[in-house]
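Walk through this structure one site at a time. Keep the sequence and the 3D view open as you read.

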Amino acid sequence: MSAQVKIEGLSLAYGAGETAVLALDRITLTSDRGQVLGLVGESGSGKSTLGFALGRLLPQGVRPTEGRVEICGLDVWNAEIRALRALRRKRLRFIFQDPVSSLDPTRRIGRQIAEAVDPVADRAALLSIMDEVGLHDHDRVLSAWPHQLSGGMAQRVAIAIALIAEPDVIVADEATSALDASVRARILALLRERAKARGITLWLLSHDLHAVRRYCDRVAVMYAGRIVEEGPLPAVFDAPAHPYTAALLAATPGLERPGETLPTIPGTVKPHRRAAVDCAFAARCAHARPDRCRTERPEPLSVGTGRSVLCHFPLLKQGTP
Ligand code: SF4
């Protein structure tokens, strides 16, 4: 399988110099065709920033300091604006968390769909996708203005637009948060099925660890702008190697181990400075050893096939198969 998403040493920062705060810190990650990757972590961990970095969509005040992003062979950070627009229009589609504001309020839904697809997919294919995402009243939806749709309907429209475009990569940021549980499961299953059938690389950015476990092939756990653990599911969730992954799972109802009570992770994610020399998780980590964790930044360690962890003292030993 070939990598459709390739990120090498990507750092994004607020501010400049040694006091710059890192929004992303030396991210290296690849995703193959047809792979479904879950990106998880608390709010402020950097997962949305990383997702949108694929399309060079940066939060205000953030700038790249090093690294490279390649989508389907295009060097995104150095691409001309025309190539970038073409990428976003056809090959890389986003499904945003806030469905209504992701639609253009000045255009009817039918027109937005037509603009998203070039050439316009045949009507039968469009109606079939609308049915699959639960938009059965075709004419009413296509003639509606965004403000006339509920949040759930707008989210289905955004998903339909992403699918009808037949992109190579889809980044879905909490893409089903406005839907009720049974519809959410159906749409996540549909997204996964399309990814597998069409070779779409699908990134699911989510707080819902149950959904990530069920629908993803791999998971990347983020903390303070770094990927602290990455590897195949269910191996990572069954035997987390990073103390943060373990704490995140232990705090999720239904994913704790038998007999475990649900602890919370004390404290919050703090932004990490470029000049910092410690592990960003040290202040919250039950396994921290001050002599090393407060004085040395961890670098990725291999803890098994296709699996890495960013910790001096991983819960799984280095080289575990
Ligand atoms: Fe905890 Fe130290 Fe590992 Fe950081 S490097 S996660 S503080 S054990």
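A polar atom of the S206 side chain lies 2.8 Å from the backbone nitrogen of D208. This comes from a predicted model. S206 belongs to the loop between β8 (201-205) and α8 (209-215). Is S206 buried or exposed? Its relative accessibility is 10%, so S206 counts as buried. The cut-off for buried is under 20% relative accessible area. Leaving out residues up to four places away in sequence, S206 touches L39, V40, K47, E174 and V212.

Two of those partners deserve a stop of their own. Take V40 to begin with. V40 is part of strand β3 (residues 36-40). Its relative accessibility is 1%, so V40 is counted as buried. Which residues does V40 touch, not counting those up to four places away in sequence? The list is K47, S206, L209, V212, V219, A220, V221, M222 and L248. K47 and V212 therefore appear among the contacts of V40 and also among those of S206, where contact means heavy atoms within 4.5 Å. V40 also shows how sequence and space can part ways. V40 and Y223 are 183 residues apart in sequence, yet their C-alpha atoms are 8.9 Å apart in space.

Now turn to E174, another contact of S206. E174 is found in the loop between β7 (169-173) and α7 (181-198). E174 is not a glycine, but its phi is positive, at about 45°. With a relative accessible area of 12%, E174 is buried, because it falls under the 20% cut-off.

Another residue with a positive phi is R26. Its phi is near 50°, and R26 is a residue other than glycine. R26 is found in strand β2. Its relative accessible area is 36%, so R26 is partly exposed.

Strand β2 (residues 21-32) also holds T28. Is T28 buried or exposed? T28 has 53% relative accessibility, so it counts as exposed; the cut-off for that is over 50%. The T28 side chain reaches the backbone nitrogen of G9 at 2.9 Å. In sequence, T28 and G9 are 19 residues apart. From C-alpha to C-alpha, T28 and G9 are 5.1 Å apart. T28 touches I7, E8, G9 and I227, with residues up to four places away in sequence not counted.

Move on to R284, in the loop between β11 (272-273) and α11 (290-293). At 9% relative accessibility, R284 counts as buried. What joins the side chains of R284 and E42? A polar contact of 3.1 Å does.

Next comes the ligand. Where does the ligand sit? The ligand sits in the largest cavity. The residues around the ligand include C279, F281, A282, C285, H287 and A288. H242 and P243 are also around the ligand, as are C293, C311, H312 and F313. How does this shell divide by residue type? Nine of its residues are nonpolar and three are polar, with no charged residues in the shell. Cys counts as nonpolar, so the cysteines around the ligand fall in the nonpolar group.

Look for a cis peptide bond as well. One joins L233 and P234, with omega at about 0°. P234 lies in the loop between β10 (226-232) and α9 (235-238).

One more site is on a helix. S128 is in helix α4 (residues 123-132). Its relative accessibility is 34%, so S128 counts as partly exposed. S128 and H138 are ten residues apart in sequence, and their C-alpha atoms are 10.0 Å apart in space.

Finally, step back to the whole chain. How many helices and strands are there in the protein chain? There are eleven helices and 13 strands. The protein chain has 321 residues, and 51% of them count as buried. S206, V40, E174 and R284 were all placed in that class above. Contacts across the sequence can be put in numbers too. Take the contacts in the protein chain between residues at least 6 apart in sequence: 64% of them join residues at least 24 apart.

Methods:
Residues are numbered from 1 along each chain as its sequence is written. This is a predicted model: local features need pLDDT of at least 70, side-chain atom pairs count only at pLDDT 80 or more; totals for chains, interfaces and linings use all residues. Side-chain values use heavy atoms; hydrogens and water are left out. Helices (H or I, at least four residues) and strands (E, at least two) are DSSP runs, numbered from the N terminus. Buried means under 20% relative accessible area, exposed over 50%, partly exposed in between (1.4 Å probe, protein chains only). A polar contact is a pair of N or O atoms within 3.5 Å; within protein, one must be able to donate a hydrogen and the other to accept it, and residues adjacent in sequence count only if both atoms are side-chain atoms. A residue is near a molecule or strand if one of its heavy atoms lies within 4 Å of it. On a 1 Å grid over the protein atoms alone, a cavity is a set of points where a 1.4 Å probe fits but cannot get out, and a pocket is an open set with protein on both sides within 12 Å along at least five of seven lines; lining residues have an atom within 4 Å of a point. A molecule sits in a cavity or pocket if more than half of its atoms lie within 2 Å of its grid points.
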